[in-house]
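Please open the model in a viewer and display it as a cartoon, with side chains hidden for the moment. The tour proceeds by successive selections.

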Amino acid sequence: MDQPTPQRWRIWVDTRNRIVSFHPVEGFELLEFRDRELFFRCVDEYTRQRYRYQ
């Protein structure tokens, strides 16, 4: 039997310009999460640091 592919959550981050994207952006660093709670904690932290989202 085929095993299901584990769920992954991804964001792309530009720390220089303080921007987070939920879509691939050239020059941004990819962060990939396999844990939903950790993903949302990371998003909350970028929000707390006043990163912009696109």
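Begin by selecting tryptophan 9, which stands opposite phenylalanine 33 in β3. Please bear in mind throughout that this is a predicted model.

Extend the selection to the two strands concerned. Strand β1 covers residues 9-14 and strand β3 covers residues 29-33; the two run antiparallel and are joined by five bridges.

Next, add strand β2, residues 19-21. This strand pairs with β1 in the antiparallel sense, over three bridges. Within this pairing, show valine 13 and valine 20: valine 13 stands opposite valine 20 in β2. Then follow the chain through the hairpin of β1 and β2, where four residues lie between the strands. Arginine 18 deserves a selection of its own here, since in this hairpin arginine 18 takes a positive phi near 60°.

Keep valine 20 displayed and add tyrosine 53 in β4, which stands opposite valine 20. Strands β2 and β4 run parallel and are joined by two bridges.

Now show the four strands together. How are they ordered in the open sheet? The order is β3-β1-β2-β4, and the pairing is mixed. The edge strands are β3 and β4 (52-53), each of which pairs on one side only.

With the sheet in view, select helix α1, residues 36-48. Helix α1 lies across β1, β2, β3 and β4 and runs at about 25° to β1.

The last part of the tour concerns aromatic rings. The count of aromatic pairs comes to four. For one of them, display phenylalanine 33 and phenylalanine 39: this pair is edge-to-face, at 5.7 Å centre to centre with 70° between the planes. Phenylalanine 33 and phenylalanine 39 are both buried.

Add phenylalanine 40, which forms an edge-to-face pair with phenylalanine 39, at 5.1 Å centre to centre and with 70° between the planes. Ring pairs thus link Phe33, Phe39 and Phe40 into a cluster.

To finish, colour phenylalanine 39 and phenylalanine 40 by accessibility. Is phenylalanine 39 buried or exposed? Phenylalanine 39 is classed as buried because its relative accessible area is 7%, and the cut-off for buried is under 20%. Phenylalanine 40 has a relative accessible area of 39% and is therefore partly exposed, as this class lies between the 20% and 50% limits.

Conventions: Residues numbered from 1 in each chain as written. Predicted model: local features only at pLDDT ≥ 70, side-chain atom pairs only at ≥ 80, totals over all residues. Heavy atoms only, no water. Pairing = 2+ DSSP bridges. Contact = heavy atoms within 4.5 Å. Axes fitted to C-alpha atoms, helices over the stretch in contact; angles between N-to-C directions. Phe/Tyr/Trp six-rings, centres within 6.5 Å; stacked < 30°, edge-to-face > 60°. Buried < 20%, exposed > 50% of the residue type's maximum accessible area, 1.4 Å probe, protein only.
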